[in-house]
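Thanks for coming. I will take a few minutes to walk through one structure, starting with a single helix and working outwards.

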Amino acid sequence: MKRSALSTALGLALAAGLVTIPVAAASAAPAVQGYTPSTYAGSAAESADNQAFFQAVMASAKARQAANPWLLNVTVTYDTANAPSFTGQISQAAQIWNSSERNVQLQQTGGNGDFSYYEGNDSRGSYASTDGHGHGYVFLDYTQNQQYSSLRVVAHETGHVLGLPDDYSGPCSELMSGGGPGPSCTNPYPDGNERSQVDYLWANGLAARN
């Protein structure tokens, strides 16, 4: 979707009081690749934003790890204050990813995390993006989370946080196929290839995506 459409969608949500997004986030680039049906194939602009999101989160997490070099893996922190309706799904999604990866772990924080979750209404559904100032966020759309398995949606968007792109043509067993397999697909787990990709990315740092 074009930038003007994102600004309009977020503007309507803000005006209706349905979601509170930082000012920087509301004026940011268009949403990154999100949980979208197979009729949508994504765009180069979304792919670029997805990489920017991943790099912002990794840079934040790596900076913290540099101060604690004895840590065996990178910890990515997140906050859920602006997504109270989805705290259960977010916690489950974090557990799924943490049990799947060795080199990166997700941890909830009471303050501002490396990225944040938000909830509300958006005609394009759920997505992950950056606020343009080195911070990432995941937006969870109410309607989409009613039409599709909410846990799969949240786990999928969290996959973007960890560096994975969309693959809408993939099977249900592939988490990043998103809404491609249809509403009947409820699988919230990354497959072996996706798990390996994330471990590789976080073991090798930003250079792995350049």
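**One helix and its surroundings**

In helix α4, the buried residues are I90, A93, A94, I96, W97 and S100. They cover an arc of only 160° around the axis, which puts them on the same side of α4. On the other side of α4, Q95 and S99 are exposed. Before going further, I should say that this is a predicted model.

Does the length of α4 fit a helix, and what should its 14 residues span at 1.5 Å a residue? Helix α4 takes in residues 87-100, so it should span 20 Å, and its end C-alpha atoms are indeed 20 Å apart.

What covers the buried residues of α4? The cover includes four strands, β1 (74-82), β2 (104-108), β3 (115-120) and β5 (136-141). It also includes two helices, α6 (150-161) and α7 (192-204).

**The chain as a whole**

Let me step back to the full chain. Its secondary structure comes to 7 helices and 5 strands. Along the sequence, the pattern reads α-α-α-β-α-β-β-β-β-α-α-α. The protein chain has 210 residues, and 52% of them count as buried. Take the contacts between residues at least 6 apart in sequence: 64% of these join residues at least 24 apart.

**The core**

In soluble globular proteins, nonpolar side chains tend to be buried together. Here the largest nonpolar core has 34 residues. Which of them touch the most other members? They are V76, F115, Y117 and W202. The elements that give two or more residues to this core are α3 (44-66), β1, α4, β2, β3, β5, α6 and α7.

Y117 is worth a look on screen. Leaving aside neighbours within four places in sequence, Y117 is in contact with Y78, D79, T80, N82 and A83, among others. Its other contacts include I90, V138, L140, V154 and T158. I90 is one of the buried residues of α4 that I listed at the start.

**Helix α6**

Next is α6, which has 12 residues. From its first C-alpha to its last, α6 reaches 17 Å, close to the 16 Å expected at 1.5 Å a residue. How many of the residues of α6 are buried? The count is 12 of 12, so to speak of α6 as mostly covered is fair. Among the buried residues are L151, V153, V154, A155 and V161. R152, H156, E157 and H160 are on that list too. After α6 comes G163, with a positive phi near 110°.

**The loop between α6 and α7**

A search of the whole structure finds 1 disulfide. It joins C172 to C185, with the sulfur atoms 2.1 Å apart. Both cysteines are in the loop between α6 and α7, 13 residues apart. The link is right-handed, with 90° about the S-S bond.

Are the two cysteines buried or exposed? C172 counts as partly exposed because its relative accessibility is 29%. C185 has a relative accessibility of 3%, so C185 counts as buried.

N187 is also placed in the loop between α6 and α7. Its relative accessible area is 17%, and the cut-off for buried is under 20%, so N187 is buried. A polar atom of the N187 side chain lies 3.4 Å from the backbone oxygen of S173. Not counting residues up to four places away in sequence, N187 touches R152, C172, S173, E174 and L175. So N187 touches one end of the disulfide, C172, and R152 from the list of buried residues in α6.

**Two last residues**

D122 is in the loop between β3 and β4 (127-130). With a relative accessible area of 5%, D122 is buried. Its side chain makes a polar contact with the side chain of R124, at 2.9 Å.

T143 belongs to helix α5, residues 142-147. At a relative accessible area of 38%, T143 is partly exposed. T143 and S126 are 17 residues apart in sequence, and their C-alpha atoms are 9.3 Å apart in space.

That is the tour, and I will leave the structure up on the screen.

Conventions: Residues numbered from 1 in each chain as written. Predicted model: local features only at pLDDT ≥ 70, side-chain atom pairs only at ≥ 80, totals over all residues. Heavy atoms only, no water. Expected span 1.5 Å × (residues − 1). Buried < 20%, exposed > 50% of the residue type's maximum accessible area, 1.4 Å probe, protein only. Arc of directions from axis to C-beta. Contact = heavy atoms within 4.5 Å. Core = buried A, V, L, I, M, F, W, Y, C linked by side-chain atoms within 4.5 Å. Disulfide = S-S within 2.5 Å. Polar contact = N/O pair within 3.5 Å; in protein donor to acceptor, adjacent residues only side chain to side chain.
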